[in-house]
Amino acid sequence: MKRALISVFDKTGIVDFAKSLDSLGWQIISTGGTSKKLKEEGIQVQDISDLTRFPECFDGRVKTLHPNVEGGILAIRDNENHQKQMSELGVEPIDIVVCNLYPFKQTVLKPGVSHEEIIENIDIGGPTMIRAAAKNYKFVTVITDPEDYPKVIEELQTNGETSASTKEMLAAKVFIHTAHYDALIADYFSERLEIASPKTLTLTYEKKQDLRYGENPHQSATFYTSIKGTKGTLTSAIQLHGKELSYNNIGDTDGALEVLKEFDEPTIVAAKHANPCGVGSADTLLEAYKKAYEADPVSIFGGIVAANQEIDGATAAEMAKVFLEVIVAPSYSQEALDILTKKKNIRLLQLEEIGHKDKKAAKAKTVLGGLLIQSLDTELISEKDLKIVSKRKPTVQEMDDLLFAWKVVKHTKSNGIAIAKDKCTTGVGPGQVSRIWALENAIRQGGERIAGSVMASDAFFPFPDCVEAAHKAGITAIIQPGGSVRDQESIEAADRYGIAMIFTGMRHFKH
């Protein structure tokens with residue numbers, strides 16, 4: 001008689017699966033709550049303790065860790081020596097193992113959960129059984145996912161056994177599953193003990209969705225989400241309308257969110273290629289959107305818009321005048337939804353805690369053959385941290401705009417320049433190999449609006465050329481990290497032109 005060992009925490013579909021096995025003449029062995037559930041449904045079950053001839057003990061910590069179980073799973077069926085030992089030891093083969101593990105992920109994510117409860121939800125016997133079965137997949141079918149029950153039953157009903165290809169596929173799922181499970185446990189202890197850079201690093205993510213393609217149509221792509229720390233991130237957003245997000249949509253929207261989180265007042269961030277192209281803050285979201293749009297009415301076309309307040313009807317009506325790929329906001333009024341959902345190609349995302357900042361978060365970047373990880377750049381200077389190095393001090397209005405521009409340039413790809421006036425960007429120059437080129441691009445973009453603006457640079461000026469270009473464009477104040485061996489040349493140029501210059505002592509490279 002064929003035998004199946006069933007021990008599951010998630011009992012979805014298990015009764016129907018067991019009934020199907022029973023109707024095919026299989027003997028079912030089970031443990032604890034699973035055994036009780038199957039018996040209540042009228043299914044004949046042999047308790048694990050009858051198989052092991054040893055009681056379940058230590059509050060269920062030890063049930064299946066026994067040679068009669070592991071031997072029945074691991075014995076190689078076409079090995080004469082194994083067969084002889086099985087006969088001598090009274091070990092009978094187990095042909096199917098159905099097991100899913102204690103809910104460690106669900107437990108560790110529970111608010112206020114104790115360390116003791118987390119420890120009790122680390123499964124020991126389950127991983128041992130399913131790994132054993134996966135190792136011996138040539139002879140043993142192992143199931144960890146209820147979605148695989150119908151396929152196995154269909155093959156048993158049709159062929160009397162599970163196909164070799166299905167057994168191998170199910171074995172692969174086991175090792176993926178246990179690797180994920182153990183990585184969660186390792187991550188928990190690393191966080192608990194504040195182990196920032198372990199000797200070996202195992203990361204685990206869960207698939208959110210397959211994407212149509214990557215950066216280009218000939219590239220494949222998948223979107224994965226981390227298990228913890230997703231509050232206020234794109235992985236927690238709910239899509240209310242539009243086509244599914246593309247690889248580029250996700251990257252660009254994430255870039256817009258990073259900028260948005262720097263602001264508390266009503267703010268709109270328009271982004272293109274993950275760089276801010278227009279940022280505006282105001283007393284109302286409508287005015288903030290008008291500022292962000294007017295900052296660069298060309299680049300916003302086909303771009304991303306992020307808002308840190310509910311989008312109302314008036315703001316939505318303005319947004320509807322231009323083609324936007326994605327809008328993300330904490331909420332939308334019904335009037336706004338009625339307006340925006342008329343545009344079938346726009347993607348509307350709701351992210352309730354859009355302003356949440358996770359100071360423990362890290363950023364990862366892949367390189368060929370490796371991975372770079374760094375802490376998130378959550379630092380930002382305040383007015384009291386600044387050092388005025390020019391003879392002229394900035395006015396109150398200039399200081400407000402300097403701090404505004406500093407928030408924007410922090411999230412602009414290096415070499416980055418942000419020019420602003422009245423809490424609105426008037427020019428953004430991202431990602432140039434020369435700082436003067438970044439400034440020249442920003443000035444060219446802003447045109448006549450640059451006069452009377454202030455400027456922020458993500459890193460110091462190695463030459464006074466940026467100060468000279470700023471003066472010619474009518475820029476009145478500059479904020480930059482300082483730290484160049486030739487700082488004095490830039491300071492002298494600022495004094496020569498009556499420009500207020502501030503050093504932050506902190507740079508914000510973003511590569």
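The legends below describe close-up views of a predicted model.

**View 1. A tilted aromatic pair joins Phe263 and Phe404.**
The model holds seven aromatic pairs. In the pair formed by Phe263 and Phe404, the ring centres are 5.3 Å apart and the planes meet at 55°, a tilted arrangement. The two residues are 141 positions apart and link distant parts of the chain. Phe263 sits in the loop between α11 (247–260) and β9 (267–272), while Phe404 belongs to helix α15 (residues 396–409). Phe263 has 5% relative accessibility and therefore counts as buried. Phe404 is likewise buried, with a relative accessible area of 3%.

**View 2. Four aromatic residues form one cluster.**
The members of this aromatic cluster are Phe104, Tyr181, Tyr188 and Phe189.

**View 3. Arg496 lies over the ring of Tyr497.**
Arg496 is placed over the face of Tyr497, at a distance of 5.3 Å from the ring centre.

**View 4. Six strands make up an open sheet with mixed pairing.**
The strand order is β8-β13-β12-β11-β9-β10. β8 (238–241) and β10 (275–281) are the edge strands, and each of them pairs on one side only. From one strand to the next, the twist averages 20°.

**View 5. Strands β11 and β12 pair in the parallel sense.**
In general, the strands of a sheet pair through backbone hydrogen bonds, in either a parallel or an antiparallel manner. Here β11 (residues 303–307) and β12 (residues 324–329) are joined over four bridges. Gly303 stands opposite Leu324 in β12.

**View 6. Helix α12 lies across three strands of the sheet.**
Helix α12 spans residues 285–295 and lies across β9, β10 and β11. The helix runs at about 140° to β10, which is one of the two edge strands.

**View 7. Cys99 and its closest cysteine sulfur are too far apart for a bond.**
The count of disulfides in the model is zero. A disulfide requires sulfur atoms within 2.5 Å. The closest cysteine sulfur to that of Cys99 is in Cys57, at 17 Å, so the distance is too far for a bond. Cys99 counts as buried because its relative accessibility is 2%.

**View 8. Cys424 and its closest cysteine sulfur are also too far apart for a bond.**
For Cys424 the closest cysteine sulfur belongs to Cys277, and the 11 Å between the two sulfurs is too far for a bond. Cys424 is buried, with a relative accessible area of 9%.

Key
Residues are numbered from 1 along each chain as its sequence is written. This is a predicted model: local features need pLDDT of at least 70, side-chain atom pairs count only at pLDDT 80 or more; totals for chains, interfaces and linings use all residues. Side-chain values use heavy atoms; hydrogens and water are left out. Rings of Phe, Tyr and Trp (its six-membered ring) pair if their centres lie within 6.5 Å; planes under 30 degrees apart count as stacked, over 60 as edge-to-face and the rest as tilted. Buried means under 20% relative accessible area, exposed over 50%, partly exposed in between (1.4 Å probe, protein chains only). A charge sits over a ring if NZ of Lys or CZ of Arg is within 6 Å of the ring centre and within 35 degrees of the ring normal. Two strands pair if DSSP finds at least two bridges between them. Axes are lines fitted to C-alpha atoms, for helices over the stretch in contact, and angles run from 0 to 180 degrees between N-to-C directions. Contact means heavy atoms within 4.5 Å.
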